[in-house]
Amino acid sequence: MNRKTIAATLPLLLLASGCKTVGPDFTAPAAPSEQAGYGANGGQRAALAEGPQAQWWKAFGSAPLDALVERALAGNHSLAASRATLAKARERIAAVSGRKLPQVDAQARAQYEQINLSAFGFDGLGGGTIGNPEFDLYTVGGGVSYDLDLFGRNRRALEQATAQAEAQQRATEAAHLVIAGRVVGQVLAIAALNDRIDTERKLLAEDERNVSLTEARRKAGAGTMVEVLSAQGQLAGDRAGLPALEQQLAEARAMLAILLGISPAELEPTGFGLDDFVLPVPVPVALPSALVHKRPDILEAEARLHAAVAAVGMATADLYPDVTLGASLTQSTSQPDRILSNKFNAFDIFAGVTAPIFHGGTLKANKRGAEAEARAAAEQYQQVVTEAFGQVSGLLSALESDSRELSARHQAAEVADRSLYLSRRSFQVGNSGILQVLDANRSYQRARLSLLESRIRQYQNVARLHVATAGGWISEGK
């Protein structure tokens, strides 16, 4: 192919560039209908809308909680690693995008050569022998090449890299959402433990009151030592549970410190109580159609499906020819001071075609494999959506149950409190024994602790529902 032929062919090849992108085009899955619903409404505790705001934890009305969440989002080491992975994915977009442009390279080489003249038939001349010449050779040059990407493999590769970066961004958003939820849950757990310890101490005060009451009756001659020992036994038994709660509090503080990315020794005092927080009512729950466009794990699954569909296009393009245009210019001389002289230049202009003929079925198998992976990604997307709906439905049911349970626990605590009061009065006037007082006291303890557990469960379920329907962290540079 001479220069005129190449000059005539290049415009045709350039016109053909980008004319076709093979493989399926990605279409986002359809959003579910509003009639799909969640199967529960959460009573008065939830309202279907667009869902919580991104900084959903502020609904609990606690500035210290807000500060801890922001601190965790800035200092958590797992989140820092996720952001670094996201930065890598974004750089890969730039790297793949660079393949769409001409590739230019320069080269330089210095070498010492000996030419074997015998290889060219010069074994002797005029009865003599020509010696093999030895010399230095200096070469500089450069070349440019351009892949016409006739069937869109590079374009599909860029589409895949973009979708993979989108998936990593959504994974990073989900990680931020999860960490925020864990911090809120841990703070609520610490608040519950503080309240539990405070309740236990109040119950110990009630036990001590029973001991004082039995001792006073014994000294007055109306009671027995058995009654005193029974009261003392309950006091000692209840005291034994306090160290375990304090240990749980220390472990909860240590976990909170880990979430913040600091050591437990660096964590400030956490004297929270449940009364320090506002219970958000109602919780704004995202509609099913909004949830699939808001929840990070669903968006991540959608982006991974997009990447898998793009991979099918790449595997399809591998079945078609590939055309590359290029040119090179080199300067070679044994005299380095004349390396830039036109006398020693050489050039090359080429148009190359690579077409698959026989690869033992590898390319078609790769395409079938990519199609299977895309089907798997589609099923995985549907599974993530199904699990998300199930999680929200379960939490809505839990809120409804929590509301009814809490009302019943309040009534039980009030009855137990009244029963304990009357049992003590009856014991004081000698109408009943100490066992009735101790039984009433145990019922009172169980009622108070059950009420506390119901409250923390309600707070935590509200926090989980916020996480389940809230949007994610907004990444820098999005």
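**Note on the predicted model: Glu-159, the nonpolar cores and the salt bridges**

1. Apart from residues within four places in sequence, Glu-159 has contacts with Phe-26, His-306 and Ala-310. The structure under discussion is a predicted model. Glu-159 itself belongs to helix 4, which covers residues 153–219.

2. Is Glu-159 buried or exposed? Its relative accessible area is 18%, and the limit for a buried residue is under 20%. Glu-159 therefore counts as buried.

3. Which side chains make polar contacts with the side chain of Glu-159? One is the side chain of Arg-156, at 2.8 Å. Another is the side chain of His-306, also with a value of 2.8 Å. His-306 also appears in the list of residues in contact with Glu-159 once its sequence neighbours are set aside.

4. The nonpolar interior deserves a separate comment. The largest nonpolar core contains 66 residues, and Phe-60, Val-183, Val-184, Phe-277 and Leu-465 have the most contacts inside it. Helix 4 supplies the largest share of this core, namely 14 residues. Apart from this core lies another, made up of ten residues, including Leu-203, Leu-420, Ala-447 and Leu-451.

5. Phe-60 may be examined more closely. When residues up to four places away in sequence are not counted, Phe-60 touches Leu-65, Val-184, Phe-277, Val-278, Pro-280, Tyr-459, Val-462 and Ala-463. Two residues of that list, Val-184 and Phe-277, are themselves among those with the most contacts inside the largest core.

6. Nonpolar residues also occur on the surface. Leu-329, Phe-347 and Ile-349 form a nonpolar patch there, and together they have about 290 Å² of accessible area. Leu-329 is located in strand 5, residues 322–333. Its relative accessibility is 45%, so Leu-329 counts as partly exposed.

7. The next points concern charged pairs. Side chains of opposite charge can pair when their charged atoms come close. How many salt bridges are counted in the model? The count comes to 21.

8. One of the salt bridges joins the side chains of Glu-173 and Arg-170, with an N to O value of 3.1 Å. Both residues are part of helix 4 and lie three residues apart, about one turn of the helix. Glu-173 and Arg-170 are both buried.

9. A salt bridge in helix 9 (residues 362–428) links residues that are four places apart, about one turn of the helix: Arg-409 and Glu-405. The N to O value for their side chains is 3.6 Å. Why do these two residues count as partly exposed? The partly exposed class runs between 20% and 50% relative accessible area. Arg-409 falls in this class because its relative accessibility is 33%, and Glu-405 does so because its value is 23%.

10. Helix 10 (residues 434–469) holds Arg-442 and Asp-439, three residues apart, about one turn of the helix. Their side chains meet in a salt bridge of 3.2 Å, N to O. Arg-442, at 34% relative accessibility, is partly exposed. Asp-439, at 45%, is partly exposed too.

11. Which residues are joined into one network by salt bridges that share partners? They are Asp-25, Arg-156 and Glu-159. This returns the note to its starting residue: Glu-159 is a member of this network and is buried in the model.

Technical notes:
Residues numbered from 1 in each chain as written. Predicted model: local features only at pLDDT ≥ 70, side-chain atom pairs only at ≥ 80, totals over all residues. Heavy atoms only, no water. Helix = DSSP H or I, 4+ residues; strand = E, 2+ residues; numbered from the N terminus. Buried < 20%, exposed > 50% of the residue type's maximum accessible area, 1.4 Å probe, protein only. Polar contact = N/O pair within 3.5 Å; in protein donor to acceptor, adjacent residues only side chain to side chain. Contact = heavy atoms within 4.5 Å. Patch = residues over 30% accessible without salt bridge, like charges linked within 9 Å, V, L, I, M, F, W, Y side chains within 5 Å. Areas by Shrake-Rupley, 256 points an atom, 1.4 Å probe, with all protein chains shown as cover. Salt bridge = Lys/Arg side-chain N within 4 Å of Asp/Glu carboxyl O. Core = buried A, V, L, I, M, F, W, Y, C linked by side-chain atoms within 4.5 Å.
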